[in-house]
Amino acid sequence: MVNSILLKKMETNFSHILQNPSAKIYSSETKEIIEIEDRPLVMCPLCARLFFTDLEEDTIHLSNEHTPPHKLGGDINSITCRTCNNMLGGKVDSELIRQVKLAAVLSGESPDLNYKTRLERETLCATIGETGESIWLNLSRQQDTWYMLYPEKEQTWGGKFFEGFMKGDKFQLKFTFSSHAIGVSLLKIAYLTAFAHFGYGFLFNRNINVNLMMMYQFSHPEEKVFSLKHWIDDNIPDEYLGVNILVNPIELRAFVVVVDLVMGKHKQRHAVVLPGFRKNWRKTFNELTCGVEFSMFKCPDIDFLQSTYAAADMWDEMFDGDSDVNK
Ligand SMILES: [Zn+2]
């Protein structure tokens, strides 16, 4: 059963959006405008499919979406369709969870005792360095001999891998992650956090083309639609957790969603850039991830239920009609 309060909220907001005279919904198949009956309705924010909420054969396809994923400490803050939830959970979120878990195990902060005791028993030291598509894990016992191992396939902590090593051995394992899948998962987390903050108005606004690109990316997670790195792992203060607008440098204005991924005592904080109402969001991705100094403004909580352009209105109010998407 989906969260009924959340479902009602999405219904109310969506019906308000549809009352807007400029609201048009096109069929993804025929590309023609669909006439919507006056019935309670929600749209999956990830794939834009519509579901009548008074029809059991429709609501059965809806699911509670945890943002971030449940295993990373997330709460339910939106409702998405089951297809998106399962497909993205299996293809991209699982990769992010795997990466956080490895970091949690290595830091000794994993709640998974099986991993932890293995490491404790082996008394291994470990460091991680990131290089492109892979994360290198350097494990060492003491000084002595070096063994360099580059397994053909991904290695996990299970099995008998450690058998046969002598006391004092040092060795290196390579764990391979898909940084693209991790990027899509982080983008989804940021996008759904912004959706929970601004409602459907975040999807349907002057920047709809880039939001459609994001929806396309979520429906086709293997394709590299958003292939640039769009998140930073800096130490961002607690006060910025949630949705922010990057205010300086002016030319890099964009939304920045700050999230914590939590596993046991382990916590990773990421600041994920979402395109704002400017065309140059690729430049923002590039420059921010190259370490440009920036400052942010935390978006206040708003009541978006009766608002069509909540995100755009806040943006223009702050920047005096600054958005250049339609210019
Ligand atoms: Zn969906």
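What share of the contacts in the chain with a separation of 6 or more comes from residues 24 or more positions apart? I looked this up before anything else, and the figure is 66%. A reminder to myself: this is a predicted model.

**Overview**

I went through the secondary structure and found eight helices and 13 strands in the chain. The chain has 327 residues, and I get 35% of them as buried.

**The core**

Next I looked for the largest nonpolar core, which has 70 residues. Those with the most contacts inside this core are Ala190, Ala194, Val256, Val257, Val272 and Leu274. I then asked which element gives the largest share of the core, and helix α5 (residues 179-198) does, with 13 residues. I also checked the core against the domain bounds: at least three of its residues come from domain 1 (4-92 + 180-319), and at least three come from domain 2 (93-178).

I picked Ala194 for a closer look. Leaving out residues up to four places away in sequence, I find Ala194 touching Phe202, Val243, Phe255, Val257 and Leu274. Val257 and Leu274 are worth a second glance, as both are also on the list of residues with the most contacts inside the core.

**Helix α7**

Which residues of helix α7 (residues 281-289) are buried? I noted Trp281, Thr284, Phe285 and Leu288. These residues lie on the same side of α7, because they cover an arc of only 100° around the axis. The spacing fits the textbook picture: an α-helix has 3.6 residues a turn, so residues three or four places apart point the same way. I then looked for what covers this buried side, and the elements include α6 (208-219), β9 (231-232) and β12 (266-274). Just after α7, I came across Gly291 with a positive phi of about 95°.

**Strands β3 and β4**

I moved on to strand β3 (residues 62-67), where five of the six residues are buried. Its partner here is strand β4 (residues 75-81): the two pair in the antiparallel sense over six bridges. Following one bridge by hand, I went from Ser63 across to Thr80 in β4.

Is Ile76, which lies in strand β4, buried or partly exposed? I count 15 C-beta neighbours inside 10 Å; a residue needs 20 or more to be buried, so Ile76 counts as partly exposed. Ile76 and Asn64 are 12 residues apart along the chain, yet I get 6.1 Å between their C-alpha atoms. Asn64 also turns up among the residues that Ile76 touches, together with Asn3, Leu6, Glu65 and His66, again not counting residues up to four places away in sequence.

**Backbone oddities in the loops**

Where are the cis peptide bonds I noted? One runs from Thr67 to Pro68, with omega near -15°, and Pro68 is in the loop between β3 and β4. Another joins Asn248 and Pro249, with omega about -5°. I placed Pro249 in the loop between β10 (242-248) and β11 (255-263).

My last stop was Ala48, which is not a glycine but still has a positive phi of about 70°. I found Ala48 in the loop between β1 (41-43) and β2 (50-52). With 18 C-beta neighbours inside 10 Å, Ala48 counts as partly exposed.

Conventions:
Residues numbered from 1 in each chain as written. Predicted model: local features only at pLDDT ≥ 70, side-chain atom pairs only at ≥ 80, totals over all residues. Buried ≥ 20, exposed ≤ 12 C-beta atoms within 10 Å, placed from the backbone. Helix = DSSP H or I, 4+ residues; strand = E, 2+ residues; numbered from the N terminus. Arc of directions from axis to C-beta. Contact = placed C-beta atoms within 7 Å. Pairing = 2+ DSSP bridges. Core = buried A, V, L, I, M, F, W, Y, C linked by C-beta atoms within 7 Å. Domains from an automatic or database assignment.
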